Amino acid sequence: MPKRSEEMLMDLWMSLLLVWITCIPCVSMTPIIGQSKSTQTGGSAVVASGLGEGQRLLSRAKRGWVWNQMFVLEEFSGPDPILVGRLHTDLDVGGKNIKYVLAGEGAGTIFAINELTGDIHAMKRLDREEKAEYTLTAQVVNADTDEPLEPPSEFIIKVQDINDNPPQFIEGPYRASVPEMSAVGTPVTRVTATDADDPVYGNSAKLVYSILEGQPYFSIDPNSATIKVALHGMDREMREEYLVVIQAKDMGGHMGGLSGTTTVTVTLTDVNDNPPKFSKSLYEFVIPEDLPIGKMGGKVKANDRDIGENSKSTYSIVEGDEQGMFEIFTDTQAQEGILRLKRPLDYESKRAFTLKVEATNVRSEPSSGGPFKDSATVKVVVDDSDEPPIFSKPMYLLEVNENAPINTVIGSVTARDPDSSSSIVRYFIDRHTDLERQFNINVDDGKITLAKPLDRETDMWHNITVTATEVRNHSQISRAIVAIRVMDINDNAPEFATEYEAFLCENGKPGQVIQTVSAVDKDDPIQGHYFDYRLVPEMLNNPNFTIKNNQDNSISVLAKHDTFRRQKQEMYFLPIIVTDNGNPPMSSTNTLTIRVCGCSKDGIVQSCNVEAYVLPIGLSMGALIAILACIILLLVIVVLFVTLRRHKNEPLIIKDDEDVRENIIRYDDEGGGEEDTEAFDIATLQNPDGINGYLPRKDIKPDLQFMPRAGQHSVNNKGGHLFVFFLE
């Protein structure tokens, strides 16, 4: 603080000295002809600002106003307003009533003028950084009437700069980075400070940079402000971050100048300059021999002092695994090497392994001469476990003929206990894979026998699972797949590929192919199928048809003549014997049905029915059906008519050969339906005297005595007045 007070006091004395130097010429110097912006061209004399009182004018000018450019120091403060300058005109002679008027920027507020003497004073403290100059207008007017005596003239008052603004780092504080182990002089970053003072006037804005904190690690160029590495071999692993304090001082760095500071945080970025390092030189793992393939057996890790990609390593087995029993997997997240089993272990074959594992950096620096690496020894000890039996094969393929008798031995499976104790093994068939219990197995020697007859045409393959279990420990079970192929024998006769129905045109030509016939056989001989076709012996000399071998396991049926007629015979049956080439050969007789049809001239079948020949030419099937329907309808009508006539001609009541009587009862009451039929006894009406046995019976209810008997018809006109009853 004392130092800062001294600097402020020194600045104050320099400001006062500058004011004194500026004001003395204004008071004592002879008039200097200056520029004037007056619009007057008259011959009034102009006196320069600051003329000493009582001094004689030494020159005259054609213009009314002449003075030097005025200046005022910024930040000047005192008990009285500071005199900026004085205005004077040659009109101002003793006893003349004039006054000076000031207008423009800051007139009356910042600047004031003495109306009588023309002295201009600064009324306020000025700051050049706020406003560097002011444009004002001066004019002489009559003191009584305010009438202008001369045109107004414009002049400028400039605010003169003093060093009152320290340098500032607008963008600070800064952060920068540089690779570790960088050479001396490597640029790190550049800082920039600004000074609000006038860069043209003096050294108030001339800045010089220096480091207050951060040596001996970094340096800075005093003019360009570029920060550079100053110490060789800076290692990030020893120290990663540095705080550098930078100072900017104006006045060219001389005493009395103002200063400002900022901080730069410099971070050393990592380069791959450290190799991976295993935490131990020897790792020991105990792995059970029944560890599944792909499972972890142990972990190793190499640490790297670098960070990021420079710290990543890959692991590999470089020695000791000639049999390919292990593999090592790199966990990129944890940066560990995972030792996994690649092939099954066998305690009885090998009980220990010694491996050499290497960790290698993924990235390498060109200057390092190659990637960094480190190695360690891994010793693996195999722990004995109670293992399940091991089959001699993982899968067995057996074959058996489909006609093999029951209890035929198809094949056998074998398994052993790999443990040193060598337990006895028992064999079983997993019945979930042999639901029909087609096979059996000997529990002691593993022989598989046939339990039921086989049919290759039903199932060609049988896949069963055989288990082997230790007698000493039933939980130790192994499984093997046994695929049994059923071998074919010639036990199926060939037959037509489909149920053929051939059509023969009446207008066909002799030798015309009626039908092509092929055969199929469910058997599957190794040499393939070959079929022989022939007609049955009694059909060899038939006059109608013959067969021709097409040499592709098919035949063509040919017509021998062209005199086939549907009226003569509509359908023919041709038996054909088909024989295969198996051992022994199998044959079957198949019948081909041939229908004689009417065809168009192009040989297109149109009709195969005999009835078509009794119809007129051009009569369609729809017309035939309509005619038949009409005939049937006429027949039904005739039958009904005859039946009705027969009933009409027969007598209603026959007492004897001549007694026929019809009874009609008339009454005026409305009919009552069935009640009316029960109101009268027809038999009584026919025979009032009760003859012929129609008297009412006493053993039957009255309402049942007159129910119609079989053959008795009744006509009931419910809505009229007539009932007619007929009795047969």
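# A tour from one buried arginine outward

Begin by selecting Arg595, which counts as buried because its relative accessibility is 16%, below the 20% cut-off. Please keep in mind throughout the tour that the structure on your screen is a predicted model.

**Stop 1: salt bridges**

With Arg595 still selected, add Glu570, and you will find that the two form a salt bridge in which the closest N and O atoms are 3.4 Å apart. This pair links distant parts of the chain, since Arg595 belongs to strand β42 while Glu570 sits in the loop between β40 and β41, 25 residues apart. Glu570 itself counts as partly exposed, at 25% relative accessibility. If you now select Arg236, Glu237, Glu240 and Asp270 together, you will have a single network in front of you, joined by salt bridges that share partners. The count of salt bridges for the model comes to 21.

Go next to Arg456, and ask yourself which residues meet it in salt bridges. One partner is Glu457, whose side chain meets that of Arg456 at 3.3 Å, N to O. Another is Asp488, where the closest N and O atoms are 3.0 Å from each other. Asp488 lies in the loop between β34 (477-487) and β35 (495-496), whereas Arg456 lies in the loop between β32 (447-450) and β33 (461-470), so this pair ties together parts that are 32 residues apart in sequence.

Is Arg456 buried or exposed? Arg456 is buried, with a relative accessible area of 7%, whereas Glu457 counts as partly exposed at 24%, and Asp488 is also partly exposed, at 23%.

**Stop 2: the nonpolar core**

Now hide the surface, if you have one displayed, and select Phe545, Leu574, Ile576, Leu592 and Ile594, which touch the most other members among the 25 residues of the largest nonpolar core. To see where the core residues come from, colour strands β36 (501-505), β37 (513-520), β38 (532-535), β40 (554-559), β41 (571-579) and β42 (587-599), each of which supplies at least two residues. Which of these strands gives the most to the core? It is β41, with five residues.

**Stop 3: patches on the surface**

Turn the surface back on and select Ile627, Leu628, Ile631 and Leu635, which form a nonpolar patch on the surface with about 360 Å² of accessible area together. Leu635 is found in helix α2, which covers residues 621-649, and Leu635 is exposed, with a relative accessible area of 53%.

For a patch of another kind, select Glu436, Asp455, Asp459 and Asp491, which form a negative patch on the surface. Glu436 lies in the loop between β30 (425-429) and β31 (439-441), and Arg437 is found in that loop between β30 and β31 as well.

**Stop 4: details of the backbone**

Stay with Arg437 for a moment, because its phi angle is near 50 degrees, a positive value in a residue other than glycine. Arg437 counts as partly exposed, at 48% relative accessibility. A positive phi, near 65 degrees, also appears at Met181, which again is a residue other than glycine. Met181 has its place in the loop between β10 and β11, and it is partly exposed, with a relative accessible area of 39%.

Then select Gly172 and Pro173, which are joined by a cis peptide bond whose omega is about -5 degrees; Pro173 lies in the loop between β9 (153-160) and β10 (174-179). Move on to Asn583 and Pro584, where the peptide bond is also cis, with omega near 0 degrees. Pro584 is found in the loop between β41 and β42.

**Stop 5: two pairs separated in sequence**

Finally, select Arg416 and Ala468, which are 52 residues apart in sequence and 8.6 Å apart in space, C-alpha to C-alpha. Arg416 lies in strand β29, residues 415-416, and counts as partly exposed at 48% relative accessibility.

For the last selection, choose Pro199 and Asp161, which are 38 residues apart in sequence, with 9.6 Å between their C-alpha atoms. Pro199 has its place in the loop between β11 (187-190) and β12 (208-213), and it counts as exposed because its relative accessibility, 64%, is over the 50% cut-off.

Note on methods: Residues numbered from 1 in each chain as written. Predicted model: local features only at pLDDT ≥ 70, side-chain atom pairs only at ≥ 80, totals over all residues. Heavy atoms only, no water. Patch = residues over 30% accessible without salt bridge, like charges linked within 9 Å, V, L, I, M, F, W, Y side chains within 5 Å. Areas by Shrake-Rupley, 256 points an atom, 1.4 Å probe, with all protein chains shown as cover. Salt bridge = Lys/Arg side-chain N within 4 Å of Asp/Glu carboxyl O. Lys, Arg positive; Asp, Glu negative; His and termini not counted. Charge placed at Lys NZ, Arg CZ, Asp CG, Glu CD. Helix = DSSP H or I, 4+ residues; strand = E, 2+ residues; numbered from the N terminus. Core = buried A, V, L, I, M, F, W, Y, C linked by side-chain atoms within 4.5 Å. Buried < 20%, exposed > 50% of the residue type's maximum accessible area, 1.4 Å probe, protein only.
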